[in-house]
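Please look over the sequence and the structure shown here before reading on. The report that follows takes up a few chosen residues and their surroundings.

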Amino acid sequence: PVFRAEEFGAMHNPEFMMVEWYRVGDDLQAACSFLSDLISCAIGVPTASQSTYAQTFRRLTDKELFDCGIPE
């Protein structure tokens, strides 16, 4: 259980549950893969596909992330 009584708002709950873990030596990619595998196992869904922000931007917009077309 986690308690945060200092915050206020209509959607604020001062008590909630949080899961926290540490894996020595993992980088971001390993952490994402571990979390995807954990969720897949826990709720019985396929593992999530992973992509970079630039890949997702290109897929959704058909444009390169930093190609703004602004003349120099």
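## A buried residue in the helix

In this predicted model, S36 is found in helix α1. Its relative accessibility is 11%, and because a residue under 20% counts as buried, S36 is placed in that class. Leaving aside residues up to four places away in sequence, S36 touches T47 and A48.

## Aromatic pairs

Across the whole structure, a search finds two aromatic pairs. One of them is formed by W21 and F34, whose ring centres lie 5.6 Å apart and whose planes meet at 50°, so this pair is classed as tilted. The pair links distant parts of the chain, since W21 sits in the loop between β2 (15-16) and α1 (28-43), while F34 belongs to helix α1, and the two residues are 13 residues apart.

How far are these two residues exposed to their surroundings? W21 has a relative accessibility of 36% and counts as partly exposed, and F34, with a relative accessible area of 28%, is also partly exposed.

## A nonpolar patch on the surface

W21 also takes part in a nonpolar patch on the surface, which is formed by V19, W21, L35, L38, I39, I43 and V45 and has about 640 Å² of accessible area together. Among these patch residues, I43 has its place in helix α1, and with a relative accessible area of 60%, a value over the 50% cut-off, I43 is therefore exposed.

Notes:
Residues are numbered from 1 along each chain as its sequence is written. This is a predicted model: local features need pLDDT of at least 70, side-chain atom pairs count only at pLDDT 80 or more; totals for chains, interfaces and linings use all residues. Side-chain values use heavy atoms; hydrogens and water are left out. Rings of Phe, Tyr and Trp (its six-membered ring) pair if their centres lie within 6.5 Å; planes under 30 degrees apart count as stacked, over 60 as edge-to-face and the rest as tilted. Helices (H or I, at least four residues) and strands (E, at least two) are DSSP runs, numbered from the N terminus. Buried means under 20% relative accessible area, exposed over 50%, partly exposed in between (1.4 Å probe, protein chains only). Patches are made of residues with over 30% relative accessible area and no salt bridge: like charges are joined within 9 Å, nonpolar side chains (Val, Leu, Ile, Met, Phe, Trp, Tyr) within 5 Å. Accessible areas come from the Shrake-Rupley method with a 1.4 Å probe; for residues, only the protein chains shown count as cover. A salt bridge is a side-chain nitrogen of Lys or Arg within 4 Å of a carboxyl oxygen of Asp or Glu. Contact means heavy atoms within 4.5 Å.
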